[in-house]
Amino acid sequence: MPPTSSRPRSFWDDAVVYQLYVRSFADSDGDGVGDLGGVIRRLGHIAGLGADAIWLNPCYPSPQADHGYDIADYHGVNPDYGSLETFDRLVAEAHARGLRILMDLVPNHCSDQHPWFTAALAAGPGSPERARFVFRDGRGDEPPNNWQSVFGGPAWTRVTEPDGTPGQWYLHLFTREQPDFDWRNPEVLAYFDDVLRFWFDRGVDGFRIDVCHGLIKDAALRDWDPAGGSYNAYSWNRPEVHEIFRRWHALAAGYGPDRDLLLVGEVWVPDPADLDAYLRPDELHQAFSFDLLVQPWEAAALRGAIERATARTQVHGAPAAWTLANHDVHRAVTRYGIVRPEPAPESNDAFAALMRPRGEVDAELGGRRAGAALLLLLALPGSVFLYQGEELGLPEVQDLPDEARQDPVFHRTGGLEKGRDGCRVPLPWTADAPAFGFGTGKPWLPQPEWFAGYAVDVEERDASSMLHLYRRAVRARKELRLGRPGPVEWLTTGADTVLAFRRGDLVCVLNTGSTRFAAPGSWGEVVLASDGSDVVAADSAAWFRTTGS
Ligand code: NOJ
């Protein structure tokens, strides 16, 4: 029996969480950049979807070299987004609507503008200031080892010492503006304890934790062996990392059961079974099931990922955290709509090709599949994270002009990889308003003309839109309590393109094939179908229930 039963019920056992990329959600002050005032103004949209919580992408003061994942001050709010006062107001208004607030915790690295890092540069080699980061002497004029940055190029940058000579190198697994902390240094541990408390004390309900698998590096910083693939076993998934999560688990638990705080990890590991260690009962409460997100549109592949993730739950009782999209991956409509795949460019990122596959896209087909995938997701036990704009069925904006692109992935790979701007384009709210109602200023990324067709007001008026499907499906998931812990019982469908499983008296059917599927009468009647019909058409999903149940 999973140990779920031994702990009290938590909101994250079956929550629907709306992932909100602040910069691109809604702009309340006309500077072309989304902000917390915009979030407050549009809370009704999120509540209307039936969400239980909001995960805010980083909104701390940051030079935005990686759009907030380069933090200069962990105790404040980016002035473009508001102030601590606006933040407090957001927490209060969200709570008043029954929406919890999750922050993004970025512990692997800070910004090169963080006062600790500027002090480290000024203090010179061997100083306690440098010991908070990973500074090393080079091998002659070469970096200390051969590690590569996830975003392209080497993971080391050489500094100029205070006396003007070329000096040590510092490690950055992402951009050079994101120096990695040394998590073996107790000062770093103490600093982050304080960060967690600062936000918990302000009322936040938990954290999504960035790059959990990267915090601890090999003590000897050994060279990576490229023969083993681009996943560097010396920089990722080191066993000592778990100590940190145990510490944070205890810190969160110290707030008592009434606060019901969540730590959900971004953990990328090559073998999903490696997630088990992160989900031990005294570590992270949850980790995203990226395994499902990266699967192709094939019933067997999707089923395999669901089986693996539900097996995780059996090990330690941690409910799955399902997701099909986020701010780092191509939008679901685009991933599922690829009709002629193209080879991926070479990348330092072991998962880039899976997260951002390329090829010719049929957006109409992708839209049907994304709606079907939503029903699959919402029928599963665990919590579900829905990325903003997915509820509108937005496709990836693939044709952003190069000069508009801001993602360091684009710039550090010399444009070889297009990067992540295409899923971060500011949302369309009103078809015929300037910037489609995002705000009165020029949006920080250009919105294509075709966004008009996906605007919230347009979808509002169309009962067959993705927006209405989202609302109906989330409502039905709650009424039928589909997120609750419990088995996923696989049913025989007789077709390898169709998967079906039972949860209590509900049967979820996903048809990835090109012909309709006739469900046996014993599964009952259709209560919700992604294409609105009463059969399981090609590239659609439906929920069945026996009448009277
Ligand atoms: C993962 C985040 O989701 C991504 O957006 C960011 O660029 C990297 N971690 C580095 O913080």
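How many bridges join β1 to β2, and do the strands run parallel or antiparallel? Four bridges join the two, and they run parallel. Some bookkeeping before going on: this is a predicted model, with local features needing pLDDT of at least 70, side-chain atom pairs counting only at pLDDT 80 or more, and totals for chains, interfaces and linings using all residues. Residues are numbered from 1 along each chain as its sequence is written, and side-chain values use heavy atoms, leaving out hydrogens and water.

Strands and helices here are DSSP runs numbered from the N terminus (strands are E, at least two residues; helices are H or I, at least four), and two strands pair if DSSP finds at least two bridges between them. Within the β1–β2 pair, Val17 has Ala53 of β2 as its bridge partner. Strand β1 (residues 16–20) also pairs with β13 (residues 383–387), again in parallel and through four bridges, and there Tyr18 sits opposite Leu386. Five of the five residues of β1 are buried, so the strand is largely enclosed by the rest of the structure; buried means under 20% relative accessible area, exposed over 50% and partly exposed in between, with a 1.4 Å probe and protein chains only. Val16, Tyr18 and Leu20 point one way, while Val17 and Gln19 point the other.

Past β2 (53–56), in the loop that leads to α3 (84–96), comes Asn78. Asn78 counts as buried because its relative accessibility is 5%. Leaving aside residues up to four places away in sequence, Asn78 touches Cys59, Tyr60, Pro61, Ser62 and Gln64, where contact means heavy atoms within 4.5 Å.

Elsewhere, β5 (residues 156–160) and β6 (residues 166–171) run antiparallel, joined by four bridges. Trp156 is partnered with Leu171 of β6. Five residues lie between the strands of this hairpin, and Gly164 takes a positive phi near 90°.

The domain assignment, automatic or from a database, splits the chain into domain 1 (4–108 + 186–470), domain 2 (115–171) and domain 3 (487–545). The centres of domains 1 and 3, taken over C-alpha atoms, are 29 Å apart. Their contact takes 22 residues from domain 1 and 22 residues from domain 3.

As for empty space, the search ran on a 1 Å grid over the protein atoms alone: a cavity is a set of points where a 1.4 Å probe fits but cannot get out, a pocket is an open set with protein on both sides within 12 Å along at least five of seven lines, and lining residues have an atom within 4 Å of a point. Points are joined across faces, edges and corners, and a volume is the space filled by probe spheres set on them. The count comes to five cavities of 30 Å³ or more. The largest cavity holds about 450 Å³. Its lining has 32 residues, with Val150, Phe151, Phe174, Trp236 and Asp349 closest to the centre. Domains 1 and 2 each supply at least three of the lining residues.

The largest pocket comes in at about 500 Å³. Of its 24 lining residues, Arg7, Ser10, Trp12, His249 and His285 are the closest to the centre. Helix α6 (residues 242–253) gives the largest share of that lining, three residues. The second largest pocket has about 430 Å³. Gly367, Arg368, Ser464, Ser465 and Met466 are the closest to its centre among 21 lining residues. Here α12 contributes the largest share, five residues, and domains 1 and 3 each give at least three.
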